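Welcome, and thank you for opening the viewer. Please load the model and get ready to select a few things, one stop at a time.

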Amino acid sequence: MSSTPPAPRPAPRSASLSAASPRAGGGLHRFANPGRFLRMTERVLPWLWAAAGLVLAVGAAWALVFSPPDWQQGETVRIMYVHVPMAWLAMGGYLGLAIASLMSLIWRHPLADLAARELSPVGAMVTALCLATGSLWGRPMWGTWWAWDARMTSVLVLFFLWVGHAALVRAFDEEERGARAAAILALIGAVNLPVIKWSVDWFNTLHQSASVTRVAAPGLHVDILYPLLTCALGFSLAFAALVLARVRAAVMEKRLRQLQLAQARQNDTRRNEVAG
Amino acid sequence: MSLSRKQRRMWLVVLAGLGLGTATALTLTAFQDNLVFFLAPSDIATKNPGPDRAFRLGGLVEAGSLQRRQTSDGRPEALFRVTDGPVTVPVSYVGVLPDLFREGQGVVTLGKLGADGQFRASEVLARHDETYMPPEVADALKRSGHWDPSKGAAPPAASWNTLTPGQPAAPERSGG
């Protein structure tokens, strides 16, 4: 290694011009190129699936077999290991949807539209699982399947937002208009996120307040907290893998459609030439 | 000052977000009194729901107040008092109580307040607090006198959430 750093190579004029496009938006446009996205995710995705499977296997065994029951809820507390990660993913996923919608509206990022479109069915699914497991947990513990308290009602609204987004984004013949309308819906719906998070503090509810994210120490014993965090990590990895796989499929589908369109046009002109 | 299209869109989104956020905050503040799931015993005097209106009463089951008996037609009846500290309301309920119901537990009851001050509940839901601990840890806290579940909430979580009650004589606990 020489002590003098190598002098920066002066960029040729043509290169500096062409470099303006990927460099212009800083980190933002690094992932804008669908081809690069496909190449990158092709390498990352198998590892993501493997990590999700491994962490979920460890988390499931830890949560369902090795972790202790709760002193008053008994074995029923194990519903938490699915319910809480689903609730976190429902809200975290929606935050991702809001960010993708913002990027789509302001910067017209080509992948943000696809990401939002592919995110919403998965988000609707985890929110439905959150509601279903909560209901199954509420019946034996609280004594009711459902109550119209602020927490449960705001999560139900979140579910409708997910489903509404998934429907709206596919409701137009012109894809761009659907993406625009759905992005606006997603951003308006984002006001629901703080309402969900703090509903248990602002209003009195049947649902208890937060156990993990509170100013004092987590209200869970470590033997319950650690398997919960492991399950949450596993489900998050699986969520990310699922969404990435869907976006990949959507990119390839779009390319295929463009190819078919181009081919059809070519065939058309050839036929016209023969006919003419 | 001229703005690029991107900047114009960004400011539009920021302004719309501010407006929407303010509107939501104002609405929630205005409806805060109506968005309650239950009234606490000390709310009854100020809110005064009236004798014939059903409402939800929520609070803790007072320690030592629970009596169980049977009605004349053989159904289980529970008598207990719901308290939030300063005010206590006697409650009667005919039916099966949820599993989590116990003295010191949070409950939400739906019913009507009689003229005699007795709350007649048609539905009792149990609340649970945000603490989760293994039975051994709860036993250790109870044995050492740090906590009486019938008197109220568990002590601060930092004092027990890494507690390992396994004594040298006790068999090793399962799990990590």
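Before the first stop, one term is needed: two residues are in contact if their C-beta atoms, placed from the backbone, lie within 7 Å. Keep in mind as well that this is a predicted model.

**Stop 1: chain A as a whole**

Select chain A and colour it by secondary structure. You should find nine helices and zero strands, so the pattern along the sequence reads α-α-α-α-α-α-α-α-α. Of the 276 residues in chain A, 36% count as buried. Look also at how the chain folds back on itself: among contacts between residues at least 6 apart in sequence, 75% join residues at least 24 apart.

**Stop 2: an annotated stretch**

Now select residues 45-207 of chain A. An unreviewed UniProt entry annotates them as "domain: Cytochrome c assembly protein". This span is 78% helix and 0% strand, and its end C-alpha atoms lie 37 Å apart.

**Stop 3: helix 4 against helix 9**

Next, show helix 4 (residues 80-107) of chain A together with helix 9 (residues 222-275) of chain A. Their axes are 9 Å apart and the two helices pack at an angle of about 45°. That angle makes helix 4 of chain A oblique to helix 9 of chain A. The crossing of these two helices is right-handed.

To see where they meet, turn on side chains. From helix 4 of chain A, select M80(A), Y81(A), V84(A), P85(A), W88(A), L89(A) and G93(A). On the helix 9 side of chain A, they meet P227(A), L228(A), C231(A), A232(A), F235(A), S236(A) and F239(A).

**Stop 4: helix 5 against helix 9**

Stay with helix 9 of chain A and add helix 5 (residues 110-141) of chain A. The axes of this pair come within 9 Å and cross at roughly 140°. Helix 5 of chain A is therefore oblique to helix 9 of chain A. Here, too, the crossing is right-handed.

Residues to pick from helix 5 of chain A include L114(A), A115(A), R117(A) and E118(A). Their side of the packing meets residues of helix 9 of chain A, among them F239(A), L242(A), V243(A) and R246(A). Click on A115(A) for a closer look: leaving aside neighbours within four places in sequence, A115(A) is in contact with A100(A) and V247(A).

**Stop 5: the largest nonpolar core**

A115(A) also leads to the next selection. The largest nonpolar core has 94 residues, and those with the most contacts inside it are A90(A), A115(A), A116(A), A186(A), L228(A) and L125(B). Helix 4 of chain A provides the largest share of this core, 17 residues.

**Stop 6: where the two chains touch**

Bring chain B into view. The contact takes 39 residues from chain B and 42 residues from chain A. On the chain B side, helix 1 (5-31), strand 6 (119-126) and helix 3 (135-143) each supply at least two residues. Helix 1 of chain B gives the largest share of that side, seven residues.

**Stop 7: F203(A)**

Finish at F203(A), in the loop between helix 8 (192-202) and helix 9 of chain A. Is F203(A) buried or exposed? F203(A) is buried, because 21 other C-beta atoms lie within 10 Å. Not counting residues up to four places away in sequence, F203(A) touches A150(A), Q32(B), L35(B), V36(B) and F37(B). Try drawing a distance from F203(A) to A150(A): they are 53 residues apart in sequence and 6.9 Å apart in space, C-alpha to C-alpha.

How values were computed
Residues are numbered from 1 along each chain as its sequence is written. Chains are lettered from A and ligands numbered from 1 in the order in which they are written. This is a predicted model: local features need pLDDT of at least 70, side-chain atom pairs count only at pLDDT 80 or more; totals for chains, interfaces and linings use all residues. UniProt positions are given in the numbering used here, feature names are shortened, and annotations may be inferred rather than shown by experiment. Helices (H or I, at least four residues) and strands (E, at least two) are DSSP runs, numbered from the N terminus. A residue is buried if 20 or more other C-beta atoms lie within 10 Å of its own, exposed if 12 or fewer, and partly exposed in between; C-beta atoms are placed from the backbone. A nonpolar core is a set of buried Ala, Val, Leu, Ile, Met, Phe, Trp, Tyr and Cys residues joined through C-beta atoms within 7 Å. Axes are lines fitted to C-alpha atoms, for helices over the stretch in contact, and angles run from 0 to 180 degrees between N-to-C directions. Angles under 35 degrees count as roughly parallel, over 145 as roughly antiparallel, 65 to 115 as roughly perpendicular and the rest as oblique. A crossing is left-handed if the near helix is turned anticlockwise from the far one by less than a right angle, and right-handed if clockwise.
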